[in-house]
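Let's take a walk through this structure together. Have a look at it first, and then we'll go through it piece by piece.

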Amino acid sequence: MGLLRRVDRKKFKEITYPHLDFLYNMALKYSMKPYDAEDLVQETMYTAFRKFHQLRDQQKCRAWLFSILRSHFLRDRRQFVRRPLLDDGSGYLKNIQAEGAEDFAEVLDKKMNKARVLQALEKLPEKFKTVVVLYYMEDMTYQEISGFLDIPIGTVMSRLNRGKKQLKKILLKSVGTAKKGGKVMRLIGVLL
Amino acid sequence: MKCEQFKTWLENRDTHDISEADKARRHATQCHCCSELMAHDEALDRHIGALLARETVPSHLENIVDLNLERILPQRGTRSIWALVAVCCIVLLAAIPFQGWITGKRGEQPMLSMEQLGGYILADYQNHGDGGVGFEPVKDAAIWLNANLHTRQLPPERIVAGYTVKSARLCKLGECLAVHLVYEKGGKRISVFVMDKSNVDGSFEQDRLYAVATGNTNILLSSQNKYLYAVIGI
């Protein structure tokens, strides 16, 4: 059995290790902490090795590994995830409209850093976060995300739309681009 | 398309079809405010994409995954025809050199007397006790034993306490196959031999320590389950 195990492990490594980069980065977007991401990847690979016989199509290995990672994450999410932000469905464009072109570019460069984006991402419900990350990080099309997650393309579009809206709304609020309200308040004070 | 419709499209364009996109872009070419709004939104998209790009994977991750997989116990309850065929092939191929271990036909293997056992152990220790030529470096005895003997059972802690395994090799004690492990502590080396207990003519109680004198050298023996462990050099 020792010889069989060696052959299986070699094949397992050949097929699955090229996806470690992707798995780690997805785990990092889920857990937000490098050590937690490493643990999540280790758990994923352990489960994948034990269930390697279930992988029928090697072309779908990445999606298969991701489904395992996501299962582990959802199972243990209490230690990773804070309560997601409730979405009232309102838009984010009004937070951009207040800024001129040069001011907005400055906001993007100086205030919108990785930490802010990750904090905003953390507030999204998992089902939105997954499609948003696949869209931005992996540059996947709707069709590719649909095939990867094995969900209808309409669902992908809907989740991506809501996820992006929420993300942008949280981000723009966090950098304080909506300033019109403040000016109106001061004007009322003067008139009175 | 009016400006309000454009803004609605811009915020929800993932759910709109291509015909709406054409109308929106035509409107943007005619309306400066909406054109600027779209430019800001696209800049925001690019910025988010850049910040969410993949990060460098820690260099030790693959190594950690490797070590975890090495420690996975053999799956129980996994039965398949191909696995059975493969095992049978291994048994047949290994019949001549490893007959004492795999075929289980212990009746054909001459049992070693305690005197013979002591002599073979002493000879192998004197010739190979430095753990050099013919030995494989070993960092984890359980992994090496599992890979070479299909067992994860380690030598009893009481006989190797404080020592660190350095290297290992398969060897023969007379006609009996054994493993020669070399341990080290503070520059001092000892040899631990692992063999099938049924190849030795003697009765050994579980976990009890025995001593065999060979010449001027004492060899300690301990039995656990089906294996006999002999330590020399202490």
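## A strand tucked inside

Start with strand S7 of chain B, residues 227-232, in this predicted model. Six of its six residues are buried, so S7(B) is largely enclosed by the rest of the structure. Look at the two faces: Tyr227(B), Tyr229(B) and Val231(B) are buried on one side, and Leu228(B), Ala230(B) and Ile232(B) are buried on the other.

## Who pairs with S7(B)?

S7(B) runs antiparallel to S4(B), and six bridges join them. One spot to find is Val194(B), whose bridge partner in S7(B) is Tyr229(B).

S7(B) also pairs with strand S6 of chain B (residues 217-224), again antiparallel and over six bridges. Here, Leu221(B) has Ala230(B) as its bridge partner. S6(B) and S7(B) make a hairpin with two residues between them, and Asn225(B) in the turn has a positive phi of about 55 degrees.

## A loop residue with distant partners

Now follow S4 of chain B (188-196) into the loop that leads to S5 (209-214), where you'll find Asp201(B). With a relative accessible area of 49%, Asp201(B) counts as partly exposed, because the cut-off for exposed is over 50%.

Setting aside neighbours within four places in sequence, Asp201(B) touches Met111(B), Leu112(B), Ser113(B) and Met114(B). Met114(B) is 87 residues away in sequence, yet the C-alpha atoms are 6.8 Å apart in space.

## Over to chain A

Chain A has 11 helices and zero strands. Of its 192 residues, 48% are buried. Its accessible surface is about 10,500 Å², with 52% belonging to carbon and sulfur atoms.

Definitions and conventions. Residues are numbered from 1 along each chain as its sequence is written. Chains are lettered from A and ligands numbered from 1 in the order in which they are written. This is a predicted model: local features need pLDDT of at least 70, side-chain atom pairs count only at pLDDT 80 or more; totals for chains, interfaces and linings use all residues. Side-chain values use heavy atoms; hydrogens and water are left out. Helices (H or I, at least four residues) and strands (E, at least two) are DSSP runs, numbered from the N terminus. Buried means under 20% relative accessible area, exposed over 50%, partly exposed in between (1.4 Å probe, protein chains only). Accessible areas come from the Shrake-Rupley method with a 1.4 Å probe; for residues, only the protein chains shown count as cover. Contact means heavy atoms within 4.5 Å. Two strands pair if DSSP finds at least two bridges between them.
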